[in-house]
Amino acid sequence: MKSNMGGSPMAETKWVRTDDHRWQLVTRRKLLKAAAAGAAAVGLGSVFPLPQIVRAQMRRLTFLHWSHFVPGFDKWFEGEYTKEWGKAHDVEIVVDHVPSSQVAPRAAAEVSARKGHDLYQFITPAPNFEPELEDMGDLVEPLIQKYGIVELAKRSTYNPKTKKWFGLSLSFTPDPAHYRKDAWDEVGFVPDSWDNILKAGRQLKAKGFPIGIALSSCIDSNMATRDCLWSFGSSIQNESAEVVINNKNTVEAIKYMRAVFKETMDPEVLAWDDSSNNRGMEAGKISWTLNAISISRSLEKNNPQFTPKVQIWRAPRGPQPLGGKRLGAEHVFFSYAIWKFTPPAQKRLAKQFLLDYANNWQRAFVGSEFYEFPSFPGTVSNLKEQVLHDQVAAKLGQPNRYKELTTAVDWSTNVGFPGYANGPEGEVFDTALLPQMFALAATDRMSPEDAAKWAEQQMKPIFAKWKARGLI
Amino acid sequence: MSLELRRTLGRGALYLSAVCFTFFAAFPFVWMGITTFKRILDLYNIHNNPFLFNLPPTLENLQLLFQGTMFTRWVANTAFVGALVVIITMLIAVPAGYSLARLARGWGQQLGIAIFLTYLVPPSLLFIPLSRVVSGVGLQDSFWSLVLVYPSFTIPFCTWLLMGFFKSIPGELEEAAMVDGCNRLGALRRIVLPISAAGLLTVVIFAFTLSIQEFVYALTFISPSAQKTVSVGVPTDLIRGDVYYWGSLMAGALIASIPVAALYSLFLDRFVSGLTAGAFK
């Protein structure tokens with residue numbers, strides 16, 4: 001049987017595909033006519049453009065966030081807030097996540113690739129990335145005019161040497177103390193001072209409730225040891241970014257921490273990570289620790305009956321002869337940054353988002369369950385009222401559970417105090433030199449004097465390196 | 001001491017060792033299994049026996065893993081990336097290992113060691129320059145970047161492993177094949193590879209395991225959730241700041257490790273013979 005397909009004797013006819021599933025046998029004349037008509041249509045179309053459906057490419061804005069400790073916050077931000085904003089501005093929002101401990105390595109990879117997210121959220125101040133970051137001054141300064149700024153936020157995102165705002169912080173997390181009120185009441189102390197922590201801690205440990213201060217390389221340890229150092233009237237650097245750690249107040253702080261370690265804590269604190277004190281407090285094992293309110297919020301969800309036993313207090317006050325300062329580092333510092341290599345149109349879009357987000361910070365404050373305190377205080381007008389009337393705590397019969405947070409701005413300060421959070425302070429933080437200094441003396445591998453001297457020797461080259469780069 | 005007593009003691013020591021090793025190997029799985037079904041209150045109570053369910057077991061942790069995260073997608077991505085990396089590794093490591101073992105007589109050993117040394121360069125040093133490469137070829141934020149990069153550490157290791165294995169096969173077998181009319185490639189295909197099944201299987205398992213457990217590259221090259229592998233997706237969604245979802249984390253680790261453990265168990269004899277083949281002359 002002979003086929004009618006190509007090469008058939010029926011030379012005047014051809015099988016032509018008329019749509020996806022249909023073929024039609026047409027004559028040569030019919031085929032030529034159709035081809036001519038098609039060519040004419042294409043030609044005319046170029047002279048007289050025919051109506052066409054043109055789809056404009058939707059703008060896109062990408063975020064890199066660390067996974068928020070309040071899962072509901074991510075749902076609110078991605079499922080509600082950014083959807084509303086994206087719809088209003090015809091922008092598709094994409095939010096990617098990394099674990100909180102991997103924010104810096106991911107940032108380094110984006111810098112190396114010269115390609116990354118339009119908005120990058122850091123978990124600690126990011127002065128070490130300053131040369132790669134866009135100046136946010138045009139955004140920050142109008143916001144300061146409108147809402148004011150918390151000093152620690154300014155000192156964590158501004159470089160006075162280069163006059164550059166290398167980040168925009170919309171929020172920070174206070175670092176209060178969580179303590180077992182029932183146990184502290186039994187020994188008759190209030191955890192208001194470092195002195196009380198040592199005195200009460202001796203009795204509490206004997207009762208099976210040790211104090212919990214990490215002396216390891218985790219963030220909590222970095223923050224807690226800074227609190228202690230500052231409250232004893234010392235610091236890593238002075239306001240002029242010069243290393244001043246090797247002094248008699250540091251030695252006193254080290255002696256104090258050595259006593260706390262030996263007399264009130266378990267050796268396991270030398271190996272703690274950021275979740276260890278959360279676990280210790282939630283398990284009813286430790287009697288006092290410094291941490292964000294994640295401990296309290298987790299307890300409210302997981303163990304409401306136990307929650308009233310764990311209360312919140314301010315960061316402890318230092319010894320009166322050394323000034324009696326009450327200072328606590330921020331637990332988490334949220335700052336948004338824009339890479340210099342981000343295309344200009346994306347930079348403008350990112351800044352527009354940040355401006356609108358700042359103006360709506362009230363919603364974010366509630367969404368974060370008071371975890372994120374405003375860096376621009378005017379963005380949350382009734383902060384004190386909201387904190388004093390927390391609904392979850394009220395349901396548990398603890399209406400004033402978070403009242404100590406209402407004074408958090410007074411005793412919270414920045415990494416780098418009394419100076420700015422600059423590059424070398426960031427490097428000293430990342431390499432955990434301060435916890436190491438305390439741990440070396442606590443474990444008797446060095447005397448307190450030698451530990452302070454060791455810290456100075458480690459820190460001076462770091463500061464010199466950053467000074468040579470012209471960034472401090 | 002009588003022979004009977006010595007025999008009994010020897011057998012007792014053998015069984016004791018077997019029990020210790022079994023406990024050592026099985027403990028992580030048992031722990032993960034228990035934690036998967038434990039309530040957080042039960043897990044955190046230090047007065048509870050950690051190996052018992054002091055409160056009724058719960059499916060909440062599995063529910064969070066499967067309904068609150070993209071776990072199944074991550075498992076699929078991991079399996080896909082692992083399979084492709086194994087194929088690429090085999091295609092390159094087999095001829096490379098064979099060439100170094102048979103053809104590069106004088107300098108094969110040194111070159112093999114040099115190739116192996118590249119495996120020892122840690123990803124924490126390489127991820128920054130490699131991120132530029134990945135971006136340059138337009139694979140950032142895609143799991144295809146892992147298909148590109150993972151062979152950079154699987155091929156050197158597997159080449160070195162196969163080199164030792166091929167060396168243990170007598171060259172006379174190939175010579176006989178070539179006398180009978182095979183060329184070099186034919187001898188490799190018809191004689192060497194069938195004999196090397198244990199070694200090839202070892203390489204497959206190693207390459208697959210190295211791929212699915214990798215963390216640094218997967219973290220730094222990929223950020224969209226839908227593109228992530230298990231090793232990055234699970235900690236990203238289940239470690240939130242200082243709050244760890246232990247039950248779901250353990251469930252994720254358990255489910256992801258079962259296929260690999262099964263693979264090892266099924267081919268254990270071949271795997272051991274593959275590993276030790278190059279160790280004896």
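Helices and strands here are DSSP runs, with at least four residues for a helix and at least two for a strand, numbered from the N terminus. On that basis, chain B holds 15 helices and two strands. The model is a predicted one. Two chains, A and B, are described below, beginning with chain B.

The C-alpha trace of chain B extends about 75 × 70 × 30 Å along its principal axes. Of the 281 residues in chain B, 38% are buried. Contacts were also examined by separation in sequence. Among the chain B contacts between residues at least 6 apart, 75% link residues at least 24 apart.

Chain B is divided into two domains. Domain 1 of chain B covers residues 24-58, and domain 2 of chain B covers residues 69-279. Their C-alpha centres are 34 Å apart. Eight residues of domain 1 of chain B make contact with six residues of domain 2 of chain B. On the domain 1 side, helix 1 (3-36) and helix 2 (40-44) of chain B each provide at least two residues. Helix 1 of chain B has the largest share of that side, with five residues. By class, the domain 1 side consists of four nonpolar, three polar and one charged residues.

Chain A is likewise assigned domains, each built from two segments. Domain 1 of chain A takes residues 59-174 and 332-391, while domain 2 of chain A takes residues 177-328 and 423-468. The centres of these two domains, taken over C-alpha atoms, are separated by 28 Å. Eleven residues from domain 1 of chain A and eight residues from domain 2 of chain A form the contact. The domain 1 side comprises six nonpolar, three polar and two charged residues.

An open sheet of six strands is found in chain A. Its strand order is 4-3-5-13-8-14, and its pairing is mixed. Strand 4 and strand 14 (373-374) of chain A form the edges, each pairing on one side only.

The parallel part of the sheet involves strand 3 of chain A. Strand 3 spans residues 59-66, and six of its eight residues are buried. Eight bridges connect strand 3 of chain A to strand 4 (residues 91-98) of chain A, and the two run parallel. Within this pair, A:Leu61 lies opposite A:Ile93. Helix 2 (residues 71-89) of chain A belongs to the same arrangement: with strands 3 and 4 of chain A, helix 2 makes a right-handed β-α-β unit. Strand 3 of chain A also runs parallel to strand 5 (residues 119-122) of chain A, with two bridges between them. Here A:Leu64 stands opposite A:Tyr120 of strand 5.

Strand 13 of chain A brings in antiparallel pairing. Three bridges join strand 13 to strand 5 of chain A, and these strands run antiparallel. A:Phe122 is placed opposite A:Ser335 of strand 13. Strand 8 (residues 168-173) of chain A is also antiparallel to strand 13 (residues 332-337) of chain A, through four bridges. A:Ser171 stands opposite A:Phe334, and A:Phe172 has A:Phe333 as its bridge partner.

Burial of strand 13 was then considered. Six of the six residues of strand 13 of chain A are buried. Its two faces are both covered. One side carries A:Val332, A:Phe334 and A:Tyr336, and the other carries A:Phe333, A:Ser335 and A:Ala337. A:Ser335, the residue opposite A:Phe122, is thus one of the buried positions of strand 13.

The two chains also meet. In the contact between them, 30 residues of chain A touch 27 residues of chain B. On the chain A side, two or more residues each come from strand 4, helix 3 (103-113), helix 10 (276-282) and helix 11 (294-302) of chain A. Helix 3 of chain A gives the most, with six residues. The chain A side divides into ten nonpolar, twelve polar and eight charged residues. Strand 4 of chain A therefore appears in two settings: as an edge strand of the open sheet and among the elements that touch chain B.

Notes
Residues numbered from 1 in each chain as written. Chains lettered and ligands numbered in written order. Predicted model: local features only at pLDDT ≥ 70, side-chain atom pairs only at ≥ 80, totals over all residues. Buried ≥ 20, exposed ≤ 12 C-beta atoms within 10 Å, placed from the backbone. Contact = placed C-beta atoms within 7 Å. Right-handed = clockwise from strand over helix to strand, strands pointing away. Nonpolar A, V, L, I, M, F, W, Y, C, P; charged D, E, K, R; others polar. Domains from an automatic or database assignment.
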